[in-house]
Amino acid sequence: MRPFLSIRNLSVALKNGGLILRNVSLDVAVGKVHGLVGESGAGKSMIGKSVLGTLPRALQITGGEIWLDGVDLLSIPPAQRRKRIGATAALIPQDPLTALNPTRRIGPQITRRLVDILGWTKADAQARALELLEEVQIADPARVMRNYPHELSGGMRQRILIASAFAAKPKLIIADEPTTALDVTVQKQILRLIADMQARHGSALLFVTHDLGVVSKVCDALSVLYAGKVVEDAQMRRFFCRPVHPYSRALLAATPTYTNPTGSLMPVPQSVIDAVEREVVQHDRRWRA
Amino acid sequence: MMYRIENLHLSLPDMTRKPLLGAAPRIEILKSLTFDVPKGAVLGIVGGSGSGKSTLGRVMLRLLEPTAGSIVFDGTDITHTDEVQLRPMRRRFQMIFQDPMSSLNPRRRVDGIIGGPLRLHGLDGLRSRVDEALDMVGLPRGFAHRYPHELSGGQRQRVGIARAIALRPDFILADEIVSGLDVSSQAQVLNLLEDLVRELGLTLAFISHDLSVIRRLCSRIIVLHQGLIVEDAETAELFTSPKAAYTRELLQAIPLPDPDQPWD
Ligand SMILES: Nc1ncnc2c1ncn2[C@@H]1O[C@H](COP(=O)(O)OP(=O)(O)OP(=O)(O)O)[C@@H](O)[C@H]1O
Ligand SMILES: Nc1ncnc2c1ncn2[C@@H]1O[C@H](COP(=O)(O)OP(=O)(O)OP(=O)(O)O)[C@@H](O)[C@H]1O
Ligand SMILES: [Mg+2]
Ligand SMILES: [Mg+2]
């Protein structure tokens with residue numbers, strides 16, 4: 001049986017030819033959390049967008065398969081694909097500052113999807129929204145429903161996006177750096193909450209983050225991405241005990257920890273970058289041949 | 001002293017409870033804060049989401065006017081100074097924002113982004129000042145002609161830093177500037193800030209929820225919780241013997257990159 005989400009040899013390119021994702025494969029089973037790490041621009045968000053069918057216009061999928069709940073999304077007509085995705089998957093977007101509409105109050109932004117897409121009554125949607133805001137530890141949900149986004153702190157906005165992602169009880173959640181704007185205590189509550197909701201709904205979770213500390217707490221497995229190529233795919237524990245790829249080891253060395261205040265921070269060394277760049281070039285050659 | 005802040009209060013109108021006629025009731029956001037920032041210090045400001053860190057930053061830079069208390073910047077009381085009188089001082093305190101993409105004008109090239117504030121403050125020798133700022137943040141001078149979308153997240157963040165330091169300010173407030181960056185870019189930006197503090201004699205206030213980063217960079221730390229300072233301590237002391245219950249809670253919640261760390 002296929003895992004709930006199974007990405008096989010996915011390639012994405014700019015319409016002018018530049019490669020963005022190079023033969024990416026990864027699996028996320030029901031009830032599992034799969035981490036996606038890698039530096040800025042590595043293509044983490046584009047993997048999520050490929051699954052959700054929301055790639056920017058300049059990009060297109062040039063090969064591969066995306067199996068969601070037993071169906072290859074890339075082999076069915078677009079209308080059918082959108083319907084399946086809408087009913088199954090939800091996104092916690094990366095940028096809480098721009099993902100909310102600044103001119104609308106919070107309440108309708110959470111309830112709209114429930115009412116418009118899933119046909120809930122306004123009252124039911126309203127009640128569900130209040131309940132979700134409470135679950136993400138928003139202190140005064142009734143007030144916040146009437147707030148505009150600019151009246152809330154960055155972390156509050158991020159929690160609102162988490163609440164709306166869970167509103168429709170999705171089976172697949174793509175969380176794109178869902179806790180970057182949160183302090184550690186709220187982050188901890190939210191990560192537990194995400195794990196909780198996930199266990200309750202039996203969702204599969206693709207978790208994009210650059211925080212290896214978070215990975216070690218929530219993920220069952222992870223893929224390390226460099227320039228759109230998976231350089232290491234590992235079970236979580238194995239990754240931290242025995243990272244195989246030099247780039248993975250360099251990432252671990254660049255992670256600051258408060259328990260090691262004197263250790264100076266090492267950005268990924270140029271020699272490691274050069275080596276992994278060569279790997280990417282070789283991959284492209286083989287692929288084109 | 002770079003900053004001397006006493007009994008600082010700030011309340012804002014709660015527009016969600018505004019009656020049809022009359023004034024909205026006010027919510028208290030900062031409740032009597034007192035602290036100093038010595039010259040050349042790197043002060044860490046940590047605290048929960050919604051505790052008032054960004055608001056405190058905006059008040060220190062007088063983008064908001066305090067409701068009560070006082071702010072003294074380098075010997076000058078700026079608590080209620082009006083905008084006209086503030087303008088010549090504004091160059092001396094700068095802010096770097098969390099989100100490099102939305103704080104950089106997408107339609108301007110890097111040289112315009114860095115040069116804009118210089119022109120606004122009537123500084124001459126624009127070209128050389130822009131080049132110098134790019135050198136200081138370690139970006140090639142050729143980047144002057146790029147647009148923000150042609151830069152990586154870490155590079156954009158450095159443009160934000162270059163824009164602030166080009167004005168040669170005395171004080172910079174950095175609001176969560178590394179939380180969106182991958183660890184490698186994070187390390188580069190932190191090393192850069194450290195060098196700038198040393199070389200330019202900058203005073204820095206660094207807002208972050210990441211205590212690992214704060215420990216690396218800051219000499220003193222204040223912990224905000226619900227608009228109050230619950231702890232004000234030297235960095236080493238805060239980590240070895242935290243006094244406030246909330247500080248202990250924060251420390252225990254930090255996820256270390258270690259699957260065996262107890263985290264419950
Ligand atoms: N609209 C676009 N046009 C052209 N290139 C794009 C576009 N959007 C993204 N890219 C490119 O695609 C690549 C992958 O971007 P992506 O957003 O997936 O990175 P990421 O790993 O999510 O990085 P971050 O950690 O900064 O969010 C980058 O090199 C980026 O420059
Ligand atoms: N314009 C405004 N109107 C009403 N309330 C506001 C306004 N701006 C901020 N607040 C409130 O002030 C409080 C503090 O917000 P602030 O943005 O300073 O928090 P923060 O500590 O920076 O949090 P975060 O870590 O999430 O960024 C929040 O409860 C927020 O809702
Ligand atoms: Mg991304
Ligand atoms: Mg803030």
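**View 1. Ligand 2 and the residues around it, from chains A and B.** This close-up of a predicted model puts ligand 2 among 17 residues (a residue is near a molecule or strand if one of its heavy atoms lies within 4 Å of it). G155(A), G50(B), K53(B), S54(B) and T55(B) come nearest. Because chains A and B both supply residues around ligand 2, the site is shared between chains. Sorted by class, the shell of ligand 2 holds five nonpolar, ten polar and two charged residues (Ala, Val, Leu, Ile, Met, Phe, Trp, Tyr, Cys and Pro count as nonpolar, Asp, Glu, Lys and Arg as charged, and the others, Gly among them, as polar).

Residues are numbered from 1 along each chain as its sequence is written, chains are lettered from A and ligands numbered from 1 in the order in which they are written. Since we're looking at a predicted model, local features need pLDDT of at least 70 and side-chain atom pairs count only at pLDDT 80 or more, while totals for chains, interfaces and linings use all residues; side-chain values use heavy atoms, with hydrogens and water left out.

**View 2. Polar contacts and cover at ligand 2.** Zoom in on the oxygen atoms of ligand 2 and you'll find polar contacts from either chain (a polar contact is a pair of N or O atoms within 3.5 Å; within protein, one must be able to donate a hydrogen and the other to accept it, and residues adjacent in sequence count only if both atoms are side-chain atoms). From chain A, S153(A) brings a polar side-chain atom to 2.9 Å from an oxygen of ligand 2. From chain B, T55(B) places a polar side-chain atom 2.4 Å from a ligand oxygen, and a polar backbone atom of G50(B) sits at 2.7 Å from an oxygen of ligand 2. On its own, ligand 2 has 640 Å² of accessible area, and the protein covers 86% of it (areas come from the Shrake-Rupley method with a 1.4 Å probe; for residues, only the protein chains shown count as cover). Which elements give two or more residues to this shell? They are α6 (154-166) of chain A, plus β2 (26-37) and α1 (53-60) of chain B (helices, H or I of at least four residues, and strands, E of at least two, are DSSP runs numbered from the N terminus).

**View 3. Ligand 1 and its neighbours in chain A.** Ligand 1 has 15 residues around it, and S40(A), G41(A), K44(A), S45(A) and Q94(A) come nearest. K44(A) has a side-chain N or O atom 2.8 Å from an oxygen of ligand 1, and S45(A) likewise puts a side-chain N or O atom 2.8 Å from a ligand oxygen. A polar backbone atom of G41(A) is 2.7 Å from an oxygen of ligand 1. Here the protein covers 66% of the 630 Å² that ligand 1 has accessible on its own. Helix α1 (residues 44-52) of chain A chips in with three residues, the largest share of the shell. By class, that shell splits into seven nonpolar, five polar and three charged residues.

**View 4. The open six-stranded sheet of chain A.** The strand order in chain A is β6-β7-β8-β3-β9-β10, with mixed pairing (two strands pair if DSSP finds at least two bridges between them). At the edges, β6 (89-92) and β10 (229-235) of chain A each pair on one side only. Strands β9(A) and β10(A) run antiparallel, joined by six bridges, and S223(A) stands opposite D233(A) in β10(A).

**View 5. The open six-stranded sheet of chain B.** In chain B the order reads β6-β7-β8-β3-β9-β10, again with mixed pairing. Its edge strands, β6 (93-96) and β10 (228-234) of chain B, pair on one side only. Four bridges link β3 (residues 42-47) to β8 (residues 203-207) of chain B, and these two run parallel. V42(B) stands opposite L204(B) in β8(B).
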